[in-house]
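Good morning, and thank you for making the time. I would like to walk you through one model today, so please have the sequence and the view open while I talk.

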Amino acid sequence: MLTGNEIGYLRDMDIKCYEWVWDDATWVKESDRSIIRMWMIENLPRGFTVYRFMNFSIHIQKLGTHPSWRRRGIASELLVDIESSAKRTGVKRIYTILHELNDSGREWLRKRGFIADKVHKEMYPDKRDGYCFSKELP
Ligand SMILES: CC(C)(COP(=O)(O)OP(=O)(O)OC[C@H]1O[C@@H](n2cnc3c(N)ncnc32)[C@H](O)[C@@H]1OP(=O)(O)O)[C@@H](O)C(=O)NCCC(=O)NCCS
């Protein structure tokens, strides 16, 4: 169960990284069924990720770095951690869904071996599509 402080940190990071953010109730619900990691520096969160094991895959629901702390390898470290979890548990596929206009997220994922394999039509509140990016692990 998340503490009020942790929910506050996560909501703040969520707002800094995503356009559509989760409310407190969603954070509480997700903490029961997902793995949530925060990358702390000087006791403050600089990166975070939320992921779930789904049908022999890992679904990364959120992965973000505080805008002032980008390009220092924080998101890459979080992804390494997710990939280690996958290997430990025998999961062979990791995926995430990106807003169609998230160019920087798309490039970041492509450089790390993810490929777009599915479109979710008009899944966002602005009616834009979501692209599923997935990576098969050896
Ligand atoms: C996409 C996102 C997660 C990347 O976070 P990040 O912490 O900046 O990512 P990294 O630092 O691991 O990688 C970013 C770049 O910095 C580079 N980098 C890493 N360490 C570095 C360092 N010490 N000095 C300079 N550059 C560095 C990496 O090589 C990488 O460049 P590349 O993609 O050309 O290889 C971040 O922009 C973000 O939070 N976006 C909003 C949320 C989002 O869109 N999430 C979707 C991703 S699933």
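Let me begin with one pair of residues, V119 and Y131, which stand opposite each other, with Y131 in β6. Before I go on, please keep in mind that this is a predicted model, in which local features need pLDDT of at least 70 and side-chain atom pairs count only at pLDDT 80 or more, while totals for chains, interfaces and linings use all residues. Residues are numbered from 1 along each chain as its sequence is written. When I name helices (H or I, at least four residues) and strands (E, at least two), I mean DSSP runs, numbered from the N terminus.

Strand β6, residues 130-136, is joined to β5 by 5 bridges, and the two run antiparallel. By pairing I mean that DSSP finds at least two bridges between two strands. As general background, the strands of a sheet pair through backbone hydrogen bonds, either parallel or antiparallel.

Stepping back to the whole sheet, what is the order of its strands? The sheet is open, has 6 strands with mixed pairing, and runs in the order β1-β2-β3-β4-β6-β5. At its edges are β1 (35-41) and β5 (115-120), each of which pairs on one side only. From one strand to the next, the twist averages 25°. Helix α1, residues 4-17, packs on this sheet and touches β1, β2 and β3, and its direction makes about 90° with that of β2. Contact here means C-beta atoms, placed from the backbone, within 7 Å of each other, and the angles, which run from 0 to 180 degrees, are taken between N-to-C directions of axes fitted as lines to C-alpha atoms, for helices over the stretch in contact.

Let us now follow the strands from β1. β1 and β2 pair in the antiparallel sense over 7 bridges, and the bridge partner of M38 is F48, in β2. Their hairpin has 2 residues between the strands, and E42 takes a positive phi there, near 50°. β2 in turn pairs with β3 over 8 bridges, again in the antiparallel sense, and here F48 stands opposite G64 in β3. This second hairpin also has 2 residues between its strands, with N55 in the turn showing a positive phi of about 45°.

Positive phi values turn up in the loop between β5 and β6 as well, where E122 lies. Although E122 is not a glycine, its phi is positive, at about 45°. Is E122 buried or exposed? E122 counts as exposed, because it has 12 C-beta neighbours inside 10 Å; the rule is that a residue is buried with 20 or more other C-beta atoms within 10 Å of its own, exposed with 12 or fewer, and partly exposed in between, with C-beta atoms placed from the backbone. K127 sits in the loop between β5 and β6 too, has a positive phi near 70°, and is exposed, with 8 other C-beta atoms within 10 Å.

From the exposed loop we can turn to the interior. The largest nonpolar core has 11 residues in all, among them V50, Y51, I60, L78 and I82. Such a core is a set of buried Ala, Val, Leu, Ile, Met, Phe, Trp, Tyr and Cys residues joined through C-beta atoms within 7 Å. The elements that give it two or more residues are β2 (44-54), β3 and α3, and the largest share, 5 residues, comes from α3.

Two members of this core deserve a closer look. L78, in helix α3, is buried, since it has 21 other C-beta atoms within 10 Å. Leaving out residues up to four places away in sequence, L78 touches R37, W39, G47, T49 and L63. With the same kind of neighbours left out, I82 touches T49, Y51, I58, I60 and I94.

Finally, the ligand: which residues come nearest to it? Of the 20 residues around the ligand, they are T65, R70, A75, S76 and G105, where being near means that the C-beta atom, placed from the backbone, lies within 6 Å. The elements that give two or more residues to this shell are β3 (57-65), α3 (74-89) and α4 (103-111), and the largest share, 5 residues, comes from α4.

Note on methods
Two residues are in contact if their C-beta atoms, placed from the backbone, lie within 7 Å.
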